[in-house]
Amino acid sequence: MRKIADCRETPSVMNCTLTITGEENEVVRAAAEHAVSVHGHEDSEDLREMIRGSLKDERSSTATG
């Protein structure tokens, strides 16, 4: 199942609105790169685990029924 990382769910002074969607490993990697380059975090295993723990499942965009 695809995962979502949504910066709006993490309070910041920047009021960042970035949302990243994809396979779990892709999202964790991209979100970590974003956290480092935009928010000034240090890339670490702790950061990636925090990101992984905050991921949500993507809801299907196809209507059923």
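Here is a short chat about a predicted model of a protein chain.

Trainee: In what order do the elements of the protein chain run from the N terminus on?

Mentor: Start with the tally: the chain has two helices and three strands. Then walk along from the N terminus, and the order reads β-β-α-α-β.

Trainee: Is Lys-3 buried or exposed?

Mentor: Lys-3 sits in strand E1, which covers residues 3-6. Its relative accessible area is 18%. Buried means under 20%, so Lys-3 counts as buried.

Trainee: Which side chain makes a polar contact with the side chain of Lys-3?

Mentor: Leave out residues up to four places away in sequence, and Lys-3 touches a list of residues including Ile-20, Val-27, Leu-55 and Asp-57. For the polar contact, look for a side-chain pair at 2.4 Å. The partner of Lys-3 there is Asp-57.

Trainee: Over to Val-38: what is its relative accessible area?

Mentor: Val-38 lies in the loop between helix H1 (24-37) and helix H2 (45-54). Together with Val-13 and Met-14, Val-38 forms a nonpolar patch on the surface, with about 310 Å² of accessible area. Partly exposed runs between the 20% and 50% cut-offs, and Val-38 falls in that class with 36%.

Trainee: And the whole chain: what percentage of the 65 residues is buried?

Mentor: The C-alpha atoms fill a box of roughly 45 × 25 × 15 Å along the principal axes. The chain exposes about 4,900 Å², and carbon and sulfur atoms supply 48% of that. As for buried residues, their share of the 65 is 26%.

Note on methods
Residues numbered from 1 in each chain as written. Predicted model: local features only at pLDDT ≥ 70, side-chain atom pairs only at ≥ 80, totals over all residues. Heavy atoms only, no water. Helix = DSSP H or I, 4+ residues; strand = E, 2+ residues; numbered from the N terminus. Buried < 20%, exposed > 50% of the residue type's maximum accessible area, 1.4 Å probe, protein only. Polar contact = N/O pair within 3.5 Å; in protein donor to acceptor, adjacent residues only side chain to side chain. Contact = heavy atoms within 4.5 Å. Patch = residues over 30% accessible without salt bridge, like charges linked within 9 Å, V, L, I, M, F, W, Y side chains within 5 Å. Areas by Shrake-Rupley, 256 points an atom, 1.4 Å probe, with all protein chains shown as cover. Salt bridge = Lys/Arg side-chain N within 4 Å of Asp/Glu carboxyl O.
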